[in-house]
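Please examine the sequence and the model shown below. The paragraphs after it lead through the fold, its core and its charged pairs.

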Amino acid sequence: MTKATTRVLAGVAVAALASAGVAAVMRYRQGHKPDADERAHLDELEARLDEVEAPDKSIPPSSVGQVVGRLQRDQGISVARLQRWITGLRHGTLSHEQATVAESDFGALEREAARGGL
């Protein structure tokens, strides 16, 4: 597999995980907790965010790290903020306003990853 193909696949995966985050927030706003599939997607997204938060210094920054870095720089969306939304969804502690912002943030991550930002 070429490096370009790997980057595209990573982008598709992150876009899909972020899309699942949007769906989980939408269901949350309707009064539902994340189902098993949504929890699995949120877990995977959180694992990728954890890798960005504590990178291995011996390898170059990941594609996900580059996308999140652009989101931080351009829109103020940080790894910590995305992780807070995931935690809030899991525990059912997001206010209506926070859920609206979380949906927007996950949507921004989805768009950035899908547009080939990886």
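**Charged pairs, core and helices**

The side chains of D105 and R81 meet in a salt bridge at 2.6 Å, N to O, a salt bridge being a side-chain nitrogen of Lys or Arg within 4 Å of a carboxyl oxygen of Asp or Glu. D105 lies in helix α5 and R81 in helix α4, so the pair ties together parts that are 24 residues apart in sequence. Helices here are DSSP runs (H or I, at least four residues), as strands are runs of E of at least two, and both are numbered from the N terminus. D105 counts as buried because its relative accessibility is 3%, whereas R81, at 21%, counts as partly exposed. These classes rest on relative accessible area: buried is under 20%, exposed is over 50%, and partly exposed lies in between, with a 1.4 Å probe and protein chains only.

The model is predicted: local features need pLDDT of at least 70, side-chain atom pairs count only at pLDDT 80 or more, and totals for chains, interfaces and linings use all residues. Residues are numbered from 1 along each chain as its sequence is written, and side-chain values use heavy atoms, with hydrogens and water left out. The pLDDT expresses the predictor's confidence in each residue, from 0 to 100. Its mean over the protein is 85, and 81% of the residues reach 70 or more. Confidence is lowest in helix α1 (residues 3–29), with a mean of 80, and highest in helix α4 (residues 79–91), with 96.

The overall architecture comes next. The protein has 5 helices and 0 strands, and along the sequence it reads α-α-α-α-α. Of its 118 residues, 39% are buried. Among contacts (heavy atoms within 4.5 Å) with a separation of 6 or more, 73% are between residues 24 or more positions apart. The accessible surface comes to about 6,600 Å², and 54% of that belongs to carbon and sulfur atoms; the areas come from the Shrake-Rupley method with a 1.4 Å probe, and for residues only the protein chains shown count as cover.

Which residues have the most contacts inside the largest nonpolar core? They are L45, L49, L82, L89, F106 and L109, in a core of 29 residues. Such a core is a set of buried Ala, Val, Leu, Ile, Met, Phe, Trp, Tyr and Cys residues joined through side-chain atoms within 4.5 Å. The elements that give two or more residues to this core are α1, α2 (36–53), α3, α4 and α5 (96–114), and α1 gives the most, with 8 residues. In soluble globular proteins, nonpolar side chains tend to be buried together. L82 offers a local view of the packing: apart from its neighbours within four places in sequence, L82 is in contact with L49, I77, D105, F106 and L109. D105 thus appears both in this list and in the salt bridge with R81.

Helix α3 can be checked against its expected length. The expected span of a helix is 1.5 Å times one less than its number of residues. The 13 residues of α3 (residues 63–75) should therefore span 18 Å, and the end C-alpha atoms are 18 Å apart, which agrees. Within α3, S63, V64, G65, V67, V68, R70 and L71 are buried. Towards the end of the numbering of this helix, R73 and D74 form a salt bridge, their closest N and O atoms being 3.8 Å apart. R73 counts as exposed at 58% relative accessibility, and D74 is exposed as well, at 54%. Just after α3, G76 takes a positive phi of about 75°.

The whole structure contains 8 salt bridges. One of them joins the side chains of R29 and E103 at 2.4 Å, N to O. R29 lies in helix α1 and E103 in helix α5, so this pair ties together parts that are 74 residues apart in sequence. R29 counts as partly exposed, at 38% relative accessibility.

Two further pairs of positions relate separate parts of the chain. G31 sits in the loop between α1 and α2 and counts as exposed at 65% relative accessibility. The C-alpha atoms of G31 and G92 are separated by 9.2 Å, although the two are 61 residues apart along the chain. A47, in helix α2, is partly exposed, with a relative accessible area of 31%. Its C-alpha atom is separated by 9.8 Å from that of Q83, 36 residues away along the chain.
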